Amino acid sequence: MPDLLRHPTGTRGKVHEITPANAGWGYVGFTLYRLEPGDVAEEATGETEVILVLVEGKATVQAAGQDWGEMGARMDVFEKTPPHCLYVPNGQSWRAVATTPCTLAVCKAPGRGGHPARRLGPEGIELTPRGKGTNTRHVNNIAMEGREVADSLLVTEVFTPAGHWSSYPSHRHDEDDFPRMTYLEETYYHRLNPAQGFGIQRVYTEDGALDQTMAVKNHDVVLVPKGHHPCGAPYGYEMYYLNVMAGPIRKWRFQNDPDHDWIAQRDA
Ligand SMILES: O=C(O)C[C@@H](O)[C@H](O)C(=O)CO
């Protein structure tokens, strides 16, 4: 099993590059750039489709033969406003030039040329509460099922208030058995507010063969190849994460851990 907790390799430039090869799986890729004004990030999409997420800061973007102008408005991710995002199909290229300090996420999965390049936010993305009590969190759905804007990518942002849980009650989506469940690999790109904080993420299977509980810090990425994957934010520290999911079909069907499903039943 590859290391599930990936720390950033630096503080400027390309600081994460998760690929199917280094994650030991088949679908999801995730690259993160931290740019200063004037810094350039550019890639060819190849066989993958990508969603560029301006996590914070601004950049001018050219992609798929078009000039998309200056993108980005949220200068700090914890402003929680809807992000500016751009879908770029496979077989294209993109280039971003930072105009302010900028955190640019590149969410990747196999593309089949079924969708044109287009902006995905901020229009059409609305911060939505989910859960009850200290399980309340706030979700910006960027490209989830129901928004038919990609061939295989599912992308969402989640803000977990300090002292709350999210991706909870524990759930898994690791069997290709639609409509009961879908097989979806998943990455979590984590941020903490204040930045020196930590969060907790557990990745575990019901048989115990996989059971890792990780302290996640600002800018860490966690891989979820299978199993349940709840998160907790300690008192005093708000947590953000950006999820990328993909698998053989673009549907999100999960099952709760039977031990903890009573919480979902009670809160329904
Ligand atoms: O509900 C949440 O808190 C977020 C999760 O649904 C997260 O997007 C995920 O685990 C998807 O499977």
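The legends below describe several views of one predicted protein model.

**View 1. The whole protein chain and its secondary structure.** In this predicted model, the protein chain contains 2 helices and 25 strands. Taken along the principal axes, the box filled by its C-alpha atoms is roughly 50 × 40 × 35 Å. A compact globule of 268 residues would have a radius of gyration near 18 Å, and because the protein chain has 17 Å, the value agrees with that expectation.

**View 2. Interior and surface of the protein chain.** Buried residues make up 53% of the 268 residues of the protein chain, while the area that the chain exposes comes to about 11,000 Å², with carbon and sulfur atoms supplying 50% of it. When contacts between residues at least 6 apart in sequence are considered, 73% of them join residues that are at least 24 apart.

**View 3. Charges of the protein chain.** The protein chain carries 26 positive and 34 negative charges, and the mean positions of these two groups lie 2 Å apart.

**View 4. An open sheet of 4 strands.** The strands of this open sheet follow the order 15-23-20-21, and their pairing is antiparallel. Its edge strands, each of which pairs on one side only, are strand 15 (165-166) and strand 21 (211-217). Strands of a sheet pair through backbone hydrogen bonds, in either a parallel or an antiparallel manner.

**View 5. Strand 20 beside strand 21.** Strand 20, which covers residues 198-204, runs antiparallel to strand 21, and 7 bridges join the two. One residue pair to look for is Arg-202 with its bridge partner Thr-213, which lies in strand 21.

Note on methods. Residues are numbered from 1 along each chain as its sequence is written. This is a predicted model: local features need pLDDT of at least 70, side-chain atom pairs count only at pLDDT 80 or more; totals for chains, interfaces and linings use all residues. Side-chain values use heavy atoms; hydrogens and water are left out. The radius of gyration is taken over C-alpha atoms; the globule rule is 2.2 Å times the number of residues to the power 0.38. Buried means under 20% relative accessible area, exposed over 50%, partly exposed in between (1.4 Å probe, protein chains only). Contact means heavy atoms within 4.5 Å. Accessible areas come from the Shrake-Rupley method with a 1.4 Å probe; for residues, only the protein chains shown count as cover. Lys and Arg count as positive and Asp and Glu as negative; His and the chain ends are not counted. The place of a charge is taken as NZ of Lys, CZ of Arg, CG of Asp or CD of Glu. Two strands pair if DSSP finds at least two bridges between them.
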